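Student: Before we begin, could you take me through this model slowly, setting each value against the cut-off that gives it its name?

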Amino acid sequence: MGFASFLLAKPHCASQTLRRHMTSDAERERTTQRSVGVRDVAALASVSLGTVSNVMNNPDRVGPEIRARVEAAMTELGFVPSRAAGQLRSRRSELVGVVVPDVGNPYWASVLRGIESVIEQHGLALVVGSTHQERTRQRRLLKGLESQGVDGLILAPITADSADWEPFVSRRFGVVALERSGAGPSVPSVGLDNVEGGRLAVTHLLEQGHRRIAFINGPGTVPWCAERREGVISGLREHGLAIRDALVEVEVPDLTVAEGFQAVETLLAMEGGQTAIMCANDMLALGALLALRQRHIEVPTGMALVGYDDVEFAAALAPPLTTVRQPSFEMGAAAARLLLEPELQSSGQHVQFVPELVPRMSSAAGLTVLG
């Protein structure tokens, strides 16, 4: 029986209608070979398209007899409501976009777990991407999230150009940054005092007696890399040291184990006379440790080493890694609450966390290096 026949039929009751309009095996096979739509359900149940829509989205508006008839038709046809169509109607995707430097980095993985712990309570899901400190990659990721219609964005911006994430400001939840200086004053943000963190790390090495320190850092255009360098410079100046005499700098394009390894190879080729290495994160420090081990340079007796983040593996290294702790899980949870809970939202609100130096054996904590 065709679609026109369904429109002409005059049902007397739910059971009679379903029996009268029960499709043959051949017709049912033809239906399943194409996408079953709302019109097919409406035709089989002899109701309007609006009634089918109400059964899917507002079932309380439909009487029990008609609702049962529509649901029976859906079951018979194998109809599955379209999530995408629902998103178009409601203009909500129930998705939150998250863009961080590297989801493979244990620090950022912990931040993501913190975000997830909050957004799950709101019935939402995450869509995640990594920038690897590349501006073009960040733009591409944000364009993709925009096309998916995410309801909000949590971003660790690698530049201070708000044009990249401006389209998300007017979304259902808006934008929260995981770095204050990169987001600008009008975007709510969660962050750590990276200047103080850098100062703590280099001061620790200076207190151990080191006077020639190598600093392996990421791109100076990345806000938190620039801030950690600022802290290092501040710490050296507090001790009355000339930057050109006390600091050897190596800038790497990405904060990974491989880049840390290569940076140490570069440092050793320079023969800069450094007795300690400070790294902008723990992944770089792990790469540095592997390179030093390959060169048979003992840590800390041959070279002291300090990282940044205090990821889960830091204490398990040999020797255990001195580092600057960021409360990653708590920072992620705070960012999600700032995004989703209206009572916490205000223009430019910032949640600031305090860094903590965690001294371990990689920097010869408690010992003095003869300078």
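Tutor: Helices and strands are here runs assigned by DSSP, numbered from the N terminus, with at least four residues for a helix and at least two for a strand. The model itself is predicted. With those runs in hand, P300 can be placed in the loop between α15 (282–294) and β9 (304–306).

Student: What makes the peptide bond from V299 to P300 cis?

Tutor: The omega of that bond is near 15 degrees, and the bond from V299 to P300 is accordingly labelled cis. The peptide bond from A318 to P319 is also cis, with omega near 0 degrees, and P319 sits in the loop between β9 and β10 (323–325).

Student: What is unusual about the phi of H296, and is H296 buried or exposed?

Tutor: H296 has a positive phi of about 60 degrees although it is not a glycine, and H296 belongs to the loop between α15 and β9. Its relative accessible area is 70%, and since exposed means over 50%, H296 counts as exposed. Q133, in the loop between β2 and α9, likewise is not a glycine and has a positive phi, of about 65 degrees. The relative accessible area of Q133, however, is 10%, which falls under the 20% limit, so Q133 is buried.

Student: How do you know that the length of helix α9 agrees with what its residues should span?

Tutor: Helix α9 holds 14 residues, 135–148, and the expected span is 1.5 Å times one less than that number. This gives 20 Å, and the C-alpha atoms at the two ends of α9 are 20 Å apart, so the two values agree.

Student: Which residues of α9 are buried, and why are they said to be on the same side of α9?

Tutor: The buried residues are Q138, L142 and L145. They cover an arc of only 60 degrees around the axis, and therefore they lie on the same side of α9. As a general matter, an α-helix has 3.6 residues a turn, so residues three or four places apart point the same way. The buried residues of α9 are covered by elements that include β1 (95–100), β2 (125–130) and β3 (152–155), whereas T136, R140, K143 and S147 are exposed on the face turned away from the buried side. After α9 comes G149, whose phi is positive, near 70 degrees.

Student: Why is strand β6 called largely enclosed by the rest of the structure?

Tutor: Strand β6 runs over residues 213–217, and 5 of its 5 residues are buried, which is why β6 is described as largely enclosed. Both faces are covered, with I213, F215 and N217 buried on one side and A214 and I216 buried on the other. In a regular strand the side chains alternate between the two faces of the sheet.

Student: What makes β6 and strand β7 a pair?

Tutor: Pairing requires at least two bridges, and β6 and β7 (residues 247–251) are joined in the parallel sense over 5 bridges. Within that pairing, N217 stands opposite E251 in β7. β6 also pairs in the parallel sense with β8 (residues 276–279), over 4 bridges, and there the bridge partner of I216 is C279.

Student: Why does C279 count as buried, and how many disulfides are there?

Tutor: The relative accessibility of C279 is 0%, so C279 counts as buried, and C225, also at 0%, is buried as well. A disulfide needs two cysteine sulfur atoms within 2.5 Å, and by this rule the count is 0 disulfides.

Student: Which residues touch the most other members of the largest nonpolar core?

Tutor: That core has 77 residues, and the residues touching the most other members are I154, I216 and I277. Apart from this core lies another, of 14 residues, among them L44, V55, M74 and F79.

Student: Why does V47 count as buried?

Tutor: Its relative accessibility is 17%, which is under the 20% limit, and V47 therefore counts as buried. V47 is placed in the loop between α4 (38–45) and α5 (49–57). Leaving aside neighbours within four places in sequence, V47 has contacts with A42, V52, I66, R69 and V70. V47 and I66 are 19 residues apart along the chain, and their C-alpha atoms are separated by 8.2 Å.

Conventions:
Residues numbered from 1 in each chain as written. Predicted model: local features only at pLDDT ≥ 70, side-chain atom pairs only at ≥ 80, totals over all residues. Heavy atoms only, no water. Buried < 20%, exposed > 50% of the residue type's maximum accessible area, 1.4 Å probe, protein only. Arc of directions from axis to C-beta. Contact = heavy atoms within 4.5 Å. Core = buried A, V, L, I, M, F, W, Y, C linked by side-chain atoms within 4.5 Å.
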